[in-house]
Amino acid sequence: MRHLPLTSMTAMKCPPLYIVNLRIRNSTINGHFADTLKIYSSMLRNTRIHGNSHTFPLLFKSCAALTSLYDGTKLHAHVLQLGFQQDIFVQTSLLDMYSKCSDLASARNVFDEMLTRNVISWNTMISAYCRGFRVKEAVNLLKEMWVLGLELSASTFIGVVAACTNIQLGLSLHCFVFKLRLLQCEIPLANSVMNMYVKFGLIDGARSVFDTLDERSIISWTTIIDGYINAGNVGEAFNLFNRMRQLVGVSQDMVLLVKIISGCVQAGNLLLASSVHSLVLKSGYDGEDLMDNLVLNMYAKCGDIVSARRVFEMVDEKCIFLWTSMIAAYAQYGYPAEALDLFKRLLRTGLKPNEATVASILSACADLGSLSVGKEIEHYVKLNGLASNRQVQTSLIHMFCKCGSIEKAEEVFARVLDRDLAVWSSMINGYAIHGMGNEALTLFHQMQITDFFSLDHVVFTSILLACSHSGFVEDGLKYFKSMKKDYGIEPGIEHYTCLVDLLGRAGHFDLALKTIQEMPVQVQAQVWAPLLSACRKYRNIELGEYVARKLLDLNPGNTSNYVLMANIYTSGGKWKEASVTRSMMRSRGLVKEPGWSQVEINGYIHVFIAGDRSHHQSADIYKKLDELNIKLTEAGYIAEIDMVVHDLENEEKEESLKVHSERLAVAWGLISTDPGTTLTIIKNLQTCGDCHSFLKFTSKVTDRHLIVRDGQRFHHFQFGFCSCKDFW
């Protein structure tokens, strides 16, 4: 006798609907929701059989998963025709489908028309309102259930607690579930209550719930640890994490590790970061794109770029997000050349950079000040269809401004059709750093007329910076007051710094001091530096000494404060005091940052330091400089020797000024380029007064446009004049 397989025998004995329901169930469980609907549709076409109370809940679940209101509505009509109005399971699944397809009105109609309802029906409708952020209606249904004497379960409360929009409601719900004694026995509900407290920043409330739990799930631990990290108490978060690791049966998952990594970033603790990385490796989560990315960023934000690069290199198959993170890390932490090298390597892999990658590399290009590379990236952007992306457009504007080409930045800005606040802010900031105060304020007013944005602290920083670099004292004070009064923006450290800088540059020392004294105490420590810089400019030794004492008490490890004070003494001829200040700096083991200048010629960047003779054409550079100095003297240039920091004879002072780094860069630029070519010099420190005078005269005698980006701003030298109008 022929033996049939067991499955065939079952198929022969079982009714066809049972077989179809099995297929529908398996398809739904496996997440093949579209196939579920196709199976039922095929059955309807090929047989006279229709679904039953086991079929339709699965079909409505599939419609909900696909958010297919069209199919759900058709099925609703189908079950009405078949007379399933009184089937509580079918009706509840229908209600759930409408809610998950964001049709709350239809969900409520189904609920209201149900002849009989069970607790699941009520819970489903309450959950529907919570998902739709209609908490008031959810609470009203909850009260109605209570009045009707229906059993309130943990499932009833979880959604409402998660969705509550104010702490008063949250406290009431906590009291309610506490009285019903649901917290201790229902861990998911306890987790929801904890999360509610965390959401409102009440970590102590969350901890009180956590401490009462006899059993805790991984979600419980994750919630409370995340709460402490959000509250800024990283130490307690790690204490709890270590407690959890000692427990049997509870092991960290990827979600918890993600939270722990964010805690490491917040603490900036490299030792913690290394420990967490070790734990990631032991847990087997390395190789996951998300985790690799997070670990890389963790090291970068803890200041360890070398370890970040090691993580990057350890990954065999690097996704574009990992490349972007490494490039962004180099760009953000002062390694623009490395970022550019990595970007070039990326282009050779065949992976296509996205808008975030391009924005990061443009940021690196901006810091490097390489206009030629910036133009190459702009060409790449146009070829690869990214020219209309706002993030890329904003980055292009920023890059061109920082590379000295305000005209190119204006061209990109003009091409942006749908400008957001970031685009406007980037162009306004560009005008600000180029000392184009009128253009910055005009564009700000145009933005207010053209677009109705909710202004932020960034755009006001740019406006105050523009006022500071252009000496617009009244405008600066007006915008500073308006920021809080008219826009509700609390001034931050960057706004206070700009304001003090504005007043100090303009010589309004009394008002600057009064402004500092009226600031919040926690801000005062950081705004004395621009006032000290102003004291140097105006040679106000008495006030400079007072400000320097404040700064050295608050931050004795900042080299620039000693240098500024020594320069103030020098400008006043107080050589002994200047020497004592420099000795004090050396005794603390502090070293002045060496000044350097760079100039880009034919795509190559040449860097010079003062007195530098390492360049392969050093002899030609110094010869050119000697020739230039003769022409400058004939044109009326006189060295400002009072800014020399050492007590030397006048002739020696003049000689020491002649070899400052920007002069060497200019000389090399004059040798290497055709007459009339614009030269762009990038400096790390502020230009001294004598070099500023030198550059003005050089622009006149060579008929060159010299663009200089120093540590503060841009200077455009042409025809013997500077765009700053000698106000810097």
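Sort the lining of the largest cavity by class and you get four nonpolar, two polar and one charged residues. Keep in mind that this is a predicted model. From that cavity we'll move on to the second largest pocket, and then to a strand, E3, that helps line the pocket.

**The cavity**

- How many cavities of 30 Å³ or more are there? The count comes to one.
- The space inside the largest cavity is about 30 Å³.
- Its lining is made up of Phe 608, Asp 612, His 615, Ser 618, Ile 621, Tyr 622 and Leu 664.
- Helix H37, which covers residues 618-635, supplies the largest share of that lining, with three residues.

**The second largest pocket**

- The second largest pocket has a volume of about 390 Å³.
- You'll find 23 residues around this pocket, and the ones nearest its centre are Leu 371, Glu 600, Thr 678, Leu 679 and Thr 680.
- Which elements each supply at least two residues of the lining? They are helix H23 (371-383), strand E1 (596-601) and strand E3 (679-683).
- Strand E1 gives the most to this lining, with four residues.
- Split by class, the pocket lining has seven nonpolar, 13 polar and three charged residues.

**Strand E3, inside and out**

- Is E3 largely enclosed or not? Five of the five residues of E3 are buried, so the strand is largely enclosed by the rest of the structure.
- Here's a handy rule for looking at strands: in a regular strand, side chains alternate between the two faces of the sheet.
- In E3, Leu 679, Ile 681 and Lys 683 sit on one side, while Thr 680 and Ile 682 sit on the other.
- Both faces of E3 are covered, and the residues on each of them are all buried.

**The partners of E3**

- E3 pairs with E1 in the antiparallel sense, over three bridges.
- To find this pairing in the structure, look for Gln 598, which stands opposite Ile 682 in E3.
- E3 also pairs with strand E4 (residues 706-709), in the parallel sense and over four bridges.
- What stands opposite Thr 680 here? That would be Ile 707 in E4.
- To get from E3 to E4, the chain crosses through helix H40 (residues 689-702), and this β-α-β crossover is right-handed.

**Putting it together**

- Leu 679 and Thr 680 are worth a second look: both are among the residues nearest the centre of the second largest pocket, and both are buried residues of E3.
- E1 turns up twice as well, giving the most to the pocket lining and pairing with E3 in the antiparallel sense.

Key: Residues numbered from 1 in each chain as written. Predicted model: local features only at pLDDT ≥ 70, side-chain atom pairs only at ≥ 80, totals over all residues. Heavy atoms only, no water. 1 Å grid on protein atoms, 1.4 Å probe; cavity = no way out; pocket = protein on both sides within 12 Å on 5 of 7 lines; lining within 4 Å. Points joined across faces, edges and corners; volume = space filled by probe spheres on them. Nonpolar A, V, L, I, M, F, W, Y, C, P; charged D, E, K, R; others polar. Buried < 20%, exposed > 50% of the residue type's maximum accessible area, 1.4 Å probe, protein only. Pairing = 2+ DSSP bridges. Right-handed = clockwise from strand over helix to strand, strands pointing away.
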